[in-house]
Amino acid sequence: MIDESFQWRKEYTVNDLSESVLPKWLFETGALFLHGYDKEGYKLFWFKVKHHIRDPKQQFEKKKLVAFWLEHYAKREHGKPLTVVFDMAETGISHIDLDFVRFIVSCFTDYYPNLLRKIVIFEMPWIMNAAFKIVKGWLGPDAISMLKFTNRSDVQEHIGAEYLPPHMGGTDSFKYSYPPLVDDDFQTPLCENGPITSEDEHESKEELEADTKLIIITTIFTQMNSIEQIAKSEESEKTDVKPKNAKKALTTFKGPLLHISPAEELYFGSKETGDKKCLIVLTNVTKNVVAFKVRTTAPEKYRVKPSNSSCEPGTSLDIIVSLHGGFAASLQDRFLIMAAEMDQSSGGGVPELAQFWKEVPRTKVMEHRLRCHVTESSKPSSLTFKENAFNIPAKTNEDLHIQLTHLLQINKRLEEQMNRCLWFQQLSVVISLLSVTVAAFCFYLAYDQRS
């Protein structure tokens, strides 16, 4: 299997496949592309069968296009599964190409074995039933269970209407076009570094005061419950039972320009829990100023502060992502963080940043994607804060998690500053001792010459 995989990658030059090396007409046909998400939050890989015409002369290039998309997605999403959609509306005998279908099947079974979540087949013509019986023979029992034959009446069991085109009973107005290469349609979120409405400003001031009080309360809460938490952790290790809504430990994506925390997911609460804020921490690990901007697939839902700014060398910066109005987060929502190094002469103002992003080469832009995770409502913890006790709104576990994350980041920065101060103090002591030694030696020489 390893040998076959390497031979396959060599034959189709998978490592060197890029948008520039493939013929432009391949992308223009719109037969294969990535767009949208299913109801489980998995990316949709569309195969518009009506745009595919069997032609032996073009077969190899079309197969390279499949390899390009799969490799492009696997590298970008670190192997997260996707859902394949065969849209067979308006197809007939001229579109049947078993060799091409077999290639797609072999890609998932042999070369990307963990990439396939399910195959949704929409409105397969009765004349193709015999052909798909042959296809089933190429699939193992696990893969056969992934096949979902659908029509207009039941396709929404797998894919929401917002990502289905009108001919499939959906409301998605997306129309394929090239260029540019179809991506997640990331857009600028609301309130990008600009003025906010008076209502939002009033809310933000109240939230800031409440958050400040909550930081103090959270610190006391952490100290009071440290022994209790240790006991609980030991008990959980013994029982080896993981709560349903337990979060992953806070992780950090270590990129060449920025370290981004969390690394993969932003945790939002459901409408019942009301958790509407998340914190992203960016740390500049270069010696230059790094410009960044944040985009999202649902710009009408989220406010990001700041969404377009810069980060000084060796410093960290907090980005607050909050849900707007009565919107709720969903598994399909994604965030894209783009970053690039700026020259020393470049300014950090809004006009300079706008011009910088127009001119910076795409090859020099670091990109990292975050997906949303929606936590379900859970039982209240043993220690709760009443709304009137401290004159602040009731906060959920998610808010506490955000504030604790913020405190940990501040603590880390203080430790780094203290370590630098201690180092300078030690250096000063050494220099002082050397100075005293040199002065004493000079006095000794002067005294020896007089005598």
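**Close-up views of a predicted model**

**Figure 1. Pairing of strand 14 with strand 15.** Strand 14 (residues 334-341) and strand 15 (residues 366-375) run antiparallel and are joined by 6 bridges. One residue pair illustrates the register: Met 338 has Glu 367 of strand 15 as its bridge partner. The coordinates shown here and in the other views belong to a predicted model.

**Figure 2. The mixed sheet that contains strands 14 and 15.** An open sheet is formed by 5 strands in the order 8-15-14-10-12, and its pairing is mixed. The edges are taken by strand 8 and strand 12; each has a single partner strand, so one side of each is left without a neighbour in the sheet. From one strand to the next, the twist averages 25°.

**Figure 3. The antiparallel sheet.** In this open sheet, 5 strands follow the order 6-7-9-13-11, with antiparallel pairing. Strand 6 (253-254) and strand 11 (302-305) are the edge strands, and each has a single partner strand, so one side of each lacks a neighbour in the sheet. Strand 11 runs antiparallel to strand 13 (residues 316-323), to which 4 bridges join it. Within this pairing, Ser 322 of strand 13 is the bridge partner of Arg 303.

**Figure 4. The cis peptide bond between Ser 261 and Pro 262.** The peptide bond leading from Ser 261 to Pro 262 is cis, and its omega is near 5°. Pro 262 belongs to the loop between strand 7 (258-261) and strand 8 (265-269). Strand 7 is part of the sheet ordered 6-7-9-13-11, whereas strand 8 is part of the sheet ordered 8-15-14-10-12.

**Figure 5. The cis peptide bond between Lys 305 and Pro 306.** Lys 305 and Pro 306 are joined by a cis peptide bond with omega about -10°. The loop that holds Pro 306 lies between strand 11 and strand 12 (308-311). Strand 12 stands at an edge of its sheet, and strand 11 likewise stands at an edge of its own. As background to these two views, most peptide bonds are trans.

**Figure 6. The oblique packing of helix 1 against helix 4.** The axes of helix 1 (residues 2-11) and helix 4 (residues 98-111) come within 11 Å and cross at roughly 135°. The two helices are therefore oblique to each other, and their crossing is left-handed. Glu 4, Ser 5 and Trp 8 of helix 1 meet Phe 103, Cys 107 and Tyr 111 of helix 4. Sorted by class, this contact has 4 nonpolar, 1 polar and 1 charged residues.

**Figure 7. The packing of helix 3 against helix 4.** Helix 3 (residues 59-76) packs on helix 4 at an angle of about 25°, and the axes are 11 Å apart. That angle makes helix 3 roughly parallel to helix 4. The crossing of this pair is right-handed. Helix 3 contributes Gln 59, Lys 62, Lys 63, Val 66 and Leu 70 to the contact, while helix 4 contributes Asp 99, Phe 100, Phe 103, Ile 104, Cys 107 and Phe 108. The classes represented in this contact are 7 nonpolar, 1 polar and 3 charged residues. Phe 103 and Cys 107 of helix 4 appear in the contact with helix 3 and also in that with helix 1.

**Figure 8. The surroundings of Pro 81.** Pro 81 is located in the loop between helix 3 and strand 3 (82-87). Its C-alpha atom is separated by 5.3 Å from that of Leu 116, a residue 35 residues apart from it along the chain. Beyond its neighbours within four places in sequence, Pro 81 is in contact with Tyr 42, Lys 43, Tyr 73, Asn 114, Leu 115, Leu 116 and Arg 117.

**Figure 9. The backbone at Thr 13.** Thr 13 is a residue other than glycine with a positive phi, near 45°. This residue is found in the loop between helix 1 and helix 2 (24-29). For comparison, most residues other than glycine have a negative phi.

**Figure 10. Segments of low confidence.** The mean pLDDT of the protein is 77, and 76% of its residues reach 70 or more. Across residues 211-231 the pLDDT is below 50, and this stretch has 24 contacts in the model beyond near neighbours in sequence. Residues 378-395 also have pLDDT under 50, and the model has 25 contacts for them beyond four places in sequence. Where pLDDT is low, the predicted coordinates should not be read in detail.

Definitions and conventions:
Residues numbered from 1 in each chain as written. Predicted model: local features only at pLDDT ≥ 70, side-chain atom pairs only at ≥ 80, totals over all residues. Heavy atoms only, no water. Axes fitted to C-alpha atoms, helices over the stretch in contact; angles between N-to-C directions. Parallel < 35°, antiparallel > 145°, perpendicular 65-115°, else oblique. Left-handed = near helix turned anticlockwise from the far one by under 90°. Contact = heavy atoms within 4.5 Å. Nonpolar A, V, L, I, M, F, W, Y, C, P; charged D, E, K, R; others polar. Pairing = 2+ DSSP bridges. pLDDT = per-residue confidence, 0-100.
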